[in-house]
Amino acid sequence: MNRRWGASLLALLLVIGSSCGKQLLPTQPASDIAARDPVQALRVSRTSDAAQIIGSTRSGAQFALYRPDRWNGALVLYAHGYTAPGDPIHLPPIDNLRDQLLGMGFGVAYSSFSENGLAIKDGIRQTERVEELFADRLGRPRRTFLIGTSMGGVIAVALAEDDPEHYDGLLTVSGLIGGTRGLVDYIAHIRVLFDLYYPGVLPGDLLHVPAGLSLDDVIGPAVQAMIANPQGAAIISQLVQTPVPFANGQELVTSIAQALALHFIELDDLLRRTHGDSFFDNSRVTYSGPLPAPVLADLNARVARYRSTREAQEFLDDYYEPSGRLRIPMMTVYNERDPVVSGFNEARYRERVARRGHRDLLVQRSFPRYGHSELFSAQEITQAFSELVARAGKRDRDDDERDSDSRAVAARGREAGVGAGR
């Protein structure tokens, strides 16, 4: 072991041993809105020009549409984050954010989606659907903005990249904007590496988890194993393939445990979507990082290897691998140490947008704290949204000025042509 790396590892081991505990972040919280019958009639409320419509589609998705009293003609489409497959279908509990947006004069529309889990395809469809419902029932908006939180971030990006002329701006909050594949690979790397350094602690393996287990059966043993022998966690944190966010030992253990929790919660749903095929391929991966060569050689020789199929990889690409084809103003807000959607998502999307030559459309703002989207207050989100709207307005004015200049140049050209022909 070289001296420099050994000193770094020792520091990690010391902070891990000093403060560790089970502190997992929740998935999308359940609201107090009961699941409705898929064919239930709409519930409509009106006060002056204000209106709200709560209902459900035949597919079982619940939706909520709101128009404020003094509507400015613009609509915000909100796409929610990940909800565990076993939870009931429910509308996202965003009352504070919704009310602040309504107070700013914006209409608001959002959906539960018709299914939980990695429901990106359905999320895209249902978000488009609530816009249609808003236009049919409450009026067609002159401008439309997107807000996506966590998994909703990649849903919003997919909508914006697919139909940029239809939307005026996009805000993501702790958004999964680096793509589904990046998140799935990160979680899978964590699981196979954990099994390597803590053999037998977790039941099953990457593609198999025995029935009847609870989340506590996974997280409790994992946390205790890392506390008892932190060297494995420290090694995992130093690998390029697993950029675990942490500033101290507790955050390191929590971040690894969070990835293991997401694997446990989502595994069956993900295998269902890939028709039982492996969603992960590390058959040709060479794990790397600032570690001694013998450590890396041992890791690469002993880690479990998996091979995916073309169909499974196509599913991850289709739902959704962002291209970076950004044509509208976009703002992102995120926490620097997010254990659910790691900061590499922001870097990946920034690089893709830059390759397309549209870096000026993207503004990214980080917060120096640990945690996921639940840490963002409605006020922080609406402040970022207000900045986005201002940028979109300036872009519209600049476009109008360019169009006006172009028309003026064309008119002068026509006049010159007429004069020359006399």
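How are α3 and α4 oriented to each other?

## The α3/α4 pair

They are oblique to each other (an angle that is not under 35, over 145 or 65 to 115 degrees), since helix α3 (residues 120-138) packs against helix α4 (residues 151-162) at about 60 degrees, and that is why they get this label. Their axes lie 9 Å apart, and the crossing is right-handed, meaning the near helix is turned clockwise from the far one by less than a right angle.

For contacts (heavy atoms within 4.5 Å), I120, G123, I124, T127 and E128 of α3 face M151, V154, I155, A158 and L159 of α4. By class that gives seven nonpolar, two polar and one charged residues, with Gly counted among the polar ones.

## About the model

This is a predicted model, with pLDDT of at least 70 needed for local features and 80 or more for side-chain atom pairs, while totals for chains, interfaces and linings use all residues. Numbering starts from 1 along each chain, and side-chain values use heavy atoms, without hydrogens and water.

## The β2/β3 hairpin

Strand β2 (residues 50-56) has six of its seven residues buried (under 20% relative accessible area, 1.4 Å probe, protein chains only), so the rest of the structure largely encloses it. β2 runs antiparallel to strand β3 (residues 62-67), with six bridges joining them; I54 has A64 in β3 as its bridge partner.

Five residues sit between the two strands of this hairpin, and G60 in the turn has a positive phi of about 100 degrees.

How values were computed. Axes are lines fitted to C-alpha atoms, for helices over the stretch in contact, and angles run from 0 to 180 degrees between N-to-C directions. Helices (H or I, at least four residues) and strands (E, at least two) are DSSP runs, numbered from the N terminus. Buried means under 20% relative accessible area, exposed over 50%, partly exposed in between (1.4 Å probe, protein chains only). Two strands pair if DSSP finds at least two bridges between them.
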